[in-house]
Amino acid sequence: MKRNIVLATVAAAALIGGGTVAAYAGSGDDGASPRQSDVRVVDDRDDAPKGDTDDRDDAQDDRDDARDDREEAAAQARGADVTAAEAIAAALERTPGTAVSAELDDDGSRVWEVTVVKADGTEHDVRVSAGDGKVLSDRRDDDDDDDGRRDLAALKGSAVDAREAAEAAAAKGTVVEIDLDDDGPAVWKAETTKGEWNVGLKSGAVTAHHDDAGQDDDRNDRDDD
């Protein structure tokens with residue numbers, strides 16, 4: 001009788017405390033040795049999988065970030081009559097070399113900032129009006145020329161230059177930035193009013209860009225091969 005009372009008490013305590021309990025109970029009057037009870041109560045409330053919820057939250061955050069990026073790009077593009085490809089062409093006419101990036105300034109000045117690398121690796125920052133396409137300034141970047149030489153090396157053997165990549169990406173929205181992305185298989189990365197895209201250096205194929213997924217980059221690399 002006492003054994004039954006002890007077991008019932010332990011089980012109740014386990015339910016209230018939310019834990020796993022192994023109960024020991026003596027037989028009391030018959031003098032038998034105590035033994036481990038088979039009573040075991042497990043509360044799975046704290047062990048419920050949380051991965052699905054976290055994944056949903058992360059996915060929602062990604063969607064929110066993508067929406068914010070598109071809205072920012074749309075705001076940048078407003079009032080810009082000169083396209084990225086046109087700005088690159090104007091910059092190269094003033095400063096011959098290899099264009100490795102072009103970005104529409106987001107400070108309201110409506111200016112394209114085009115980076116041109118000379119054959120010796122020196123970089124020039126060329127500013128082009130987004131209103132009429134006139135070159136406003138051409139300044140040599142006094143920083144280390146290693147970046148320029150790396151960009152030229154990454155573009156060696158490519159068939160698609162920055163202007164052509166900007167034209168290809170324009171099919172996916174107004175381009176506000178085009179840049180050489182060499183954090184893996186080198187591709188042109190374009191930011192448009194409809195998202196971010198990769199443009200293959202050899203094929204010119206346009207695919208969706210994902211920062212955390214190498215599959216799209218690998219696909220571009222295979223296309224270029």
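How many of the 225 residues in the protein are buried, as a percentage? Buried residues come to 32%, where buried is taken as under 20% relative accessible area, exposed as over 50%, and partly exposed as in between (1.4 Å probe, protein chains only). The model is a predicted one, so local features were kept at pLDDT of at least 70 and side-chain atom pairs at pLDDT 80 or more, while totals for chains, interfaces and linings use all residues. Numbering starts from 1 along each chain as its sequence is written, and side-chain values rest on heavy atoms, with hydrogens and water left out.

On the whole-protein level, there are six helices and 10 strands; these are DSSP runs numbered from the N terminus, with helices being H or I of at least four residues and strands E of at least two. About 13,300 Å² of the protein is exposed, with carbon and sulfur atoms supplying 45% of that area (Shrake-Rupley method, 1.4 Å probe; for residues, only the protein chains shown count as cover). Of the contacts with a separation of 6 or more, 43% link residues 24 or more positions apart, a contact being heavy atoms within 4.5 Å.

Now to the sheet. Eight strands form an open sheet in the order S6-S5-S4-S3-S7-S8-S9-S10, with antiparallel pairing; two strands count as paired if DSSP finds at least two bridges between them. S6 and S10 sit at the edges, each pairing on one side only. Direction ignored, neighbouring strands of this sheet are turned by 25 degrees against each other on average. Axes here are lines fitted to C-alpha atoms, for helices over the stretch in contact, and angles run from 0 to 180 degrees between N-to-C directions. As general background, strands of a sheet pair through backbone hydrogen bonds, either parallel or antiparallel.

Taking the strands one by one, S4 (111-117) is mostly covered, with six of its seven residues buried. Its antiparallel pairing with S3 runs over six bridges: alanine 99 stands opposite valine 116, and alanine 102 has valine 114 as its bridge partner. On the S5 side, seven antiparallel bridges join S4 to S5, one pair being threonine 115 and aspartate 125. The hairpin of S4 and S5 has five residues between the strands, and glycine 121 there takes a positive phi near 95 degrees. S3 is mostly covered too, with five of its seven residues buried. Three bridges tie S3 to S7, again antiparallel, and glutamate 103 is paired with glutamate 177 of S7. Further along, S8 and S9 run antiparallel and share six bridges, including the one between glutamate 191 and glutamate 196.

Two helices lie across this sheet. H3 (residues 84-94) has Ala84, Ala85, Ala87, Ile88, Ala90 and Ala91 as its buried residues, and their cover includes S3, S4, S5, S6, H5 and S7. H3 lies across S3, S4, S5, S6 and S7, at about 50 degrees to S4.

H5 (162-169) lies across S3, S7, S8, S9 and S10, at about 130 degrees to S7. Ala162, Ala165, Ala166 and Ala169 are the buried residues of H5. They span an arc of only 100 degrees around the axis, and therefore fall on the same side of H5; the arc is that of the directions from the helix axis to the C-beta atoms. The general rule is that an α-helix has 3.6 residues a turn, so residues three or four places apart point the same way. These buried residues of H5 pack against H3, S3, S7, S8, S9 and S10. At the N-terminal end, H5 is capped by aspartate 161, with a side-chain oxygen 3.2 Å from the backbone nitrogen of arginine 163.

One loop residue deserves a look. Threonine 95 lies in the loop between H3 and S3, and is buried, with a relative accessible area of 2%. Leaving aside neighbours within four places in sequence, threonine 95 is in contact with Val116, Lys118, His124, Val126 and Asp138. With aspartate 138 there is a side chain to side chain polar contact at 2.5 Å. A polar contact is a pair of N or O atoms within 3.5 Å; within protein, one must be able to donate a hydrogen and the other to accept it, and residues adjacent in sequence count only if both atoms are side-chain atoms.
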